[in-house]
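Visitor: I should like to learn how to read the features of a protein model. Might we work through an example together?

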Amino acid sequence: MTTDALPRPRSFVGGGGIHLAADVWGEASSPPLLLLHGGGQTRHTWDRTGPRLAALGWRVIAPDLRGHGASGWSAGGDYDLGQFADDIRALVAELGEQPVLVGASLGGLSSLLAAGEAPRAAIRALVLVDVAHRPDPRGVRRIIEFMRHWPDGFAGVGEAAAAVSAYLPHRPPPDDPEGIRKNLRRHGDRWVWHWDPRLLDSFEGRMDPPGMAERLLAAARHTEVPILLVRGGISDVVREDIAEEFCDRVSNARRVDVADAGHMVAGDRNEHFIDAIVPFLEGIQRAAR
């Protein structure tokens, strides 16, 4: 398989029967690996990562989380973290195999709960991408402020690309600004982000509620599978002390940092991100033989 192979579309059924759209790379006989994006993103976050991991022998599935991209929106506009976790449980059950979960931000938090709280999803390993048991609230506020900043959308795709570049000055500018079109949808004569705007109310109301850190730590301990925490070296969401605390309190977790990457590690430094997780994934493969 070449690294530029196009994905195959697939549909899954999430919790409560919600439709989940996904892209799939790799051979049907290869072991499954689920890529789960962060809040306000889409499955296209993994467009470069998916084919690279498939070329290394994985069957890679990248779904749009509920309320994002081409997946269904919650009927009542509620996006509790437990609903995302239920969707992951349903995805794993539909696969009928034990996948590796790679979850960024919201995808990582949801994966922790799906794998560590009853009914526990049967997985082989978990990669948390710049997410731990608690965030730096300043970094989370910066994300939400960016997501709220353009309620009326953009006049064109180029304007949206410029907004992202200004928000992420550490990231090399894209070769083709048109690539961001996959994360937008038409709304009248404007372009808006391709997610349910009601998500933000849920995010703000549950940014770091009392007891959540201990809940996530307990879930991580109950996973009973290897956990790799991949931290962006310049992340303002998972500080170094937060990552250290997580690994100190979760015996089955270890950590690696990706230099010069912020919170969106794979988008900032995709090749370095892949280099960081491949030794861990190879260890999982060896253990399964």
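**Reading the sheet**

Guide: Let us begin with strand order. This predicted model contains an open sheet of eight strands with mixed pairing, and the order across the sheet is S1-S2-S4-S3-S5-S6-S9-S10.

Visitor: Which are the edge strands?

Guide: An edge strand pairs on one side only, and here that description applies to strand S1 (8–13) and strand S10 (253–258).

Visitor: By how many degrees are neighbouring strands of this sheet turned against each other on average?

Guide: With direction ignored, the average turn between neighbouring strands is 20 degrees.

Visitor: What packs on the sheet?

Guide: Helix H2 (residues 81–95) does, touching S1, S2, strand S3 (32–36), S4 and strand S5 (100–104). The direction of helix H2 makes about 115 degrees with that of S1.

Visitor: In which sense do strand S2 and strand S4 pair?

Guide: Strand S2 (residues 19–25) and strand S4 (residues 59–63) are antiparallel, and four bridges join them. To follow one bridge, start from Trp25: its partner in S4 is Val60.

**Reading the aromatic rings**

Visitor: How many aromatic pairs does the structure hold?

Guide: There are seven aromatic pairs. One of them is formed by Phe146 and Tyr167, whose ring centres lie 4.1 Å apart with 15 degrees between the planes; this pair is stacked.

Visitor: Where in the chain do Phe146 and Tyr167 lie?

Guide: Phe146 belongs to helix H4 (residues 137–148) and Tyr167 to helix H5 (residues 157–167). The two residues are 21 residues apart, and the pair thus links distant parts of the chain. Both Phe146 and Tyr167 are buried.

Visitor: Why is the pair of Trp150 and Phe154 tilted?

Guide: The angle between the planes decides the class: under 30 degrees is stacked, over 60 is edge-to-face, and the rest are tilted. The planes of Trp150 and Phe154 stand at 40 degrees, with centres 5.3 Å apart, so the pair is tilted.

Visitor: Is Trp150 buried, exposed or partly exposed, and what of Phe154?

Guide: Buried means under 20% relative accessible area, and exposed means over 50%. Trp150 counts as partly exposed because its relative accessibility is 25%. Phe154, by contrast, has a relative accessible area of 0% and is therefore buried.

Visitor: Which residues form one aromatic cluster?

Guide: The cluster consists of Phe146, Trp150, Phe154, Tyr167 and Trp193.

**Reading a record**

Visitor: What does UniProt place at residues 31–136?

Guide: The unreviewed UniProt entry gives the feature "domain: AB hydrolase-1" there. In the model, the end C-alpha atoms of residues 31–136 are 35 Å apart, and the span is 31% helix and 19% strand.

Terms used: Residues numbered from 1 in each chain as written. Predicted model: local features only at pLDDT ≥ 70, side-chain atom pairs only at ≥ 80, totals over all residues. Heavy atoms only, no water. Pairing = 2+ DSSP bridges. Axes fitted to C-alpha atoms, helices over the stretch in contact; angles between N-to-C directions. Contact = heavy atoms within 4.5 Å. Phe/Tyr/Trp six-rings, centres within 6.5 Å; stacked < 30°, edge-to-face > 60°. Buried < 20%, exposed > 50% of the residue type's maximum accessible area, 1.4 Å probe, protein only. UniProt positions renumbered as here; feature names shortened; annotations may be inferred.
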